[in-house]
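Subject: Structure handover

Hi,

Here is the structure I promised to pass on. Please open it next to this email. My notes follow below.

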Amino acid sequence: FNRRSANTLVSRAIAKIRVKDIKSLPVMIRESLSVYDAVVTMFTEDVGSLIVTNEDGYLAGIVSRKDLLKMAIAGGDLQKMPVGMIMTRMPNIITVTQEDTIHIAAQRLLNHQIDALPVVRTYIMPNGDERLEVIGRITKTNIARLFVELGEGGMDHT
Ligand code: ADP
């Protein structure tokens, strides 16, 4: 069993798997809700980051554990501070689409040193402006789970 052909098999298998095959449901919060609400949501939903949407429901930003910890350390009234004030915001959000390969998704997670990517679809407004509709989320956990499934021969993509 030679390593080179095994590698080719693995990369061929991975090249066929798309974001839509392994994505999770997005966990979201409106940008007008408080930093306190974000902390509570992160606990109840058991996630490491929340996707933040604007009042129309489109992608506005993302807030992670460390963003929230930073605010907790700084003091201030977490119940009065809107999450939109502390999030990493558009257009600096790294995203993927359903049709992107998971190889691209994993590369983006590593290159940008982040844990989660919103899965988005572009919506063109009547006036021509573009908005991103959030349809899922990819995290390092999705990639690890896939890795385990592939290791067990459970996901047939060859
Ligand atoms: P943690 O803060 O728990 O280490 P991350 O590593 O995911 O979580 O986040 C690091 C920083 O990058 C945070 O400031 C967060 O707001 C930002 N961030 C997280 N995900 C994204 C993303 N998809 N696009 C742009 N910035 C992000």
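How many residues lie between strand 2 and strand 3 in their hairpin, and which turn residue has a positive phi? Five residues separate the two strands. The turn residue is Gly57, with a phi of about 90°. Bear in mind that this is a predicted model.

**Overall**

The protein has six helices and six strands. Along the sequence they follow the order α-α-β-α-β-β-α-β-α-β-β-α. The C-alpha trace spans about 60 × 40 × 25 Å along its principal axes. Of the 158 residues, 24% count as buried. Now take the contacts between residues at least 6 apart in sequence: 60% of them join residues at least 24 apart.

**Strand 2 and its neighbours**

Start with strand 2, residues 49-53. Five of its five residues are buried. Which residues sit on each face of strand 2? Ser49, Ile51 and Thr53 are on one side, and Leu50 and Val52 are on the other. Both faces are covered.

Strand 2 pairs with strand 1 and with strand 3.

- Strand 1 (residues 28-30) runs parallel to strand 2, with three bridges between them. Met28 has Ile51 as its bridge partner.
- Strand 3 runs antiparallel to strand 2, and five bridges join the two. Here Ile51 stands opposite Ile62.

So much for the pairing; now the connections. Between strand 1 and strand 2 comes helix 3 (residues 35-45), and the three make up a right-handed β-α-β unit. Strand 2 and strand 3 are linked by the hairpin, with Gly57 in its turn. Ile51 is worth a click in the viewer: Met28 is its bridge partner, Ile62 in strand 3 stands opposite, and Ile51 itself is buried.

**Around the ligand**

Strand 3 (59-64) leads on to the ligand, as one of the elements that supply at least two residues of the shell. Helix 4 (65-74) and strand 5 (116-124) do so too. The ligand has 16 residues around it. Which of them come nearest? Ser64, Arg65, Lys66, Thr88 and Asp115 do. By type, the shell divides into seven nonpolar, five polar and four charged residues.

**Where to look**

I would begin at the hairpin turn with Gly57. Then follow strand 3 to the ligand shell, to which it supplies at least two residues.

Best wishes

Notes. Residues numbered from 1 in each chain as written. Predicted model: local features only at pLDDT ≥ 70, side-chain atom pairs only at ≥ 80, totals over all residues. Near = placed C-beta within 6 Å. Helix = DSSP H or I, 4+ residues; strand = E, 2+ residues; numbered from the N terminus. Nonpolar A, V, L, I, M, F, W, Y, C, P; charged D, E, K, R; others polar. Buried ≥ 20, exposed ≤ 12 C-beta atoms within 10 Å, placed from the backbone. Pairing = 2+ DSSP bridges. Right-handed = clockwise from strand over helix to strand, strands pointing away. Contact = placed C-beta atoms within 7 Å.
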